Amino acid sequence: MAGTHVTRVTRVTRPWQRHLRRALGTEHNALARAADRSRSRSLVLAVLAVVVAALLGAVAARADLGSAERRAEAAAPRLHRIDAVLLTPARNSGGTADAVAGRYRAAAAWTYPAGQHNTGTVQLDRPTQTGATTTVWVGDSGQLAPAPPSTADLVSDAVSLGLFVFGCLSLLTACVLGLRLTGLNRRADAAWQHSWAELEPVWSGRAAREPGNGEARRG
């Protein structure tokens, strides 16, 4: 009669599964210590805190984007794009920031509102000669005003804020987790040393050989 072969399948437990079961108290492991369960709970709570941080970062980004869009819509009726004539050649100002960004400056003149002549210094992205025409943004009073932000700029700023919130909260979580694990490790080391101090004399037989031991005196 042919022998019956029984194949035993060993289920591989991933670390995160082990930590989750230990944190929930469903792990059946006689070797698991209280410090081990506390460590697993701390890790699980840290993961949840990072998830919450990501959600809060997304909420902050969405709120900032909505607020910026409302401000841009409110300011749009007061901004006007008009033509301006350069009074001087556009040259680099010599500043480090302008040189790196490739910005040029020139004096320019424009008319806004109707019949009101204004002058000012405008920025350009390339060298331009006197008399050339460029476009500028002005307010209702005719003075130069920042260009309205593009949708890409608004999204970029909102994403940056969301990442900043997420990064700060994640860093705080990492610091708290590090302090918690350090404390648990110290407690576990102290408990191990205490247990070893009690077990080692018995395990090594040193307790029976110590002077004054009753068994040693009878021998």
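**Exercise 1. The pairing of β2 and β3**

In this predicted model, find which residue of β3 stands opposite alanine 108, and describe how β2 and β3 are joined.

Solution. Start at alanine 108: glycine 120 in β3 stands opposite this residue. Next, look along both strands. β2 and β3 run antiparallel, and eight bridges join them. Then turn to the connection. The hairpin of β2 and β3 has five residues between the strands.

**Exercise 2. The loop of the hairpin**

Which two residues are joined by a cis peptide bond, and which glycine in the hairpin takes a positive phi?

Solution. First, locate β2 at residues 104-111 and β3 at residues 117-124. Proline 113 lies in the loop between these strands. The cis peptide bond joins tyrosine 112 to proline 113, with omega about -10°. For comparison, most peptide bonds are trans, and most residues other than glycine have a negative phi. The second part concerns glycine 115, where phi is positive, near 85°.

**Exercise 3. Strand β4 and its partner**

Sort the residues of β4 into a covered and an uncovered face, then describe how β4 pairs with β1.

Solution. Strand β4 covers residues 133-138. The covered face consists of Thr134, Val136 and Val138. The uncovered face consists of Thr133, Thr135 and Trp137. Now take β1, residues 80-86, which pairs with β4 in the antiparallel sense over six bridges. To place one residue in this pairing, use threonine 134 of β4, which stands opposite alanine 84.

**Exercise 4. Leucine 144**

Where is leucine 144 found, and how many residues and how many Å separate leucine 144 from histidine 80?

Solution. Leucine 144 is found in the loop between β4 and α4. In sequence, leucine 144 and histidine 80 are 64 residues apart. In space, their C-alpha atoms are 9.6 Å apart. As for exposure, the relative accessible area of leucine 144 is 36%, so the residue is classed as partly exposed.

**Exercise 5. Two surface patches**

Name the residues of the positive patch and of the nonpolar patch, and examine one residue from each patch.

Solution. The positive patch is formed by Arg37, Arg41, Arg180 and Arg187. Helices α2 (34-75) and α4 (151-204) each give two or more residues to this patch. Take arginine 187 as the example, placed in α4. Arginine 187 has a relative accessible area of 54% and is therefore exposed.

The nonpolar patch is formed by Val47, Val51 and Leu55, which together have about 280 Å² of accessible area. Valine 51 is found in helix α2. With a relative accessible area of 45%, valine 51 is partly exposed.

**Exercise 6. The salt bridge**

How many salt bridges does the structure hold, and which residues take part?

Solution. The structure holds one salt bridge. In general, side chains of opposite charge can pair when their charged atoms come close. Here the side chains of arginine 126 and aspartate 125 meet, at 3.3 Å from N to O. Both ends can then be classed by exposure. Arginine 126 is exposed, with a relative accessible area of 55%. Aspartate 125 is exposed as well, at 57%.

**Exercise 7. The chain as a whole**

What is the order of the elements from the N terminus on, and what share of the residues is buried?

Solution. Begin with the totals: the protein chain has six helices and four strands. From the N terminus on, the elements run α-α-β-α-β-β-β-α-α-α. Last, take the share of buried residues: 21% of the 219 residues in the protein chain.

Terms used
Residues are numbered from 1 along each chain as its sequence is written. This is a predicted model: local features need pLDDT of at least 70, side-chain atom pairs count only at pLDDT 80 or more; totals for chains, interfaces and linings use all residues. Side-chain values use heavy atoms; hydrogens and water are left out. Patches are made of residues with over 30% relative accessible area and no salt bridge: like charges are joined within 9 Å, nonpolar side chains (Val, Leu, Ile, Met, Phe, Trp, Tyr) within 5 Å. Accessible areas come from the Shrake-Rupley method with a 1.4 Å probe; for residues, only the protein chains shown count as cover. A salt bridge is a side-chain nitrogen of Lys or Arg within 4 Å of a carboxyl oxygen of Asp or Glu. Lys and Arg count as positive and Asp and Glu as negative; His and the chain ends are not counted. The place of a charge is taken as NZ of Lys, CZ of Arg, CG of Asp or CD of Glu. Buried means under 20% relative accessible area, exposed over 50%, partly exposed in between (1.4 Å probe, protein chains only). Two strands pair if DSSP finds at least two bridges between them.
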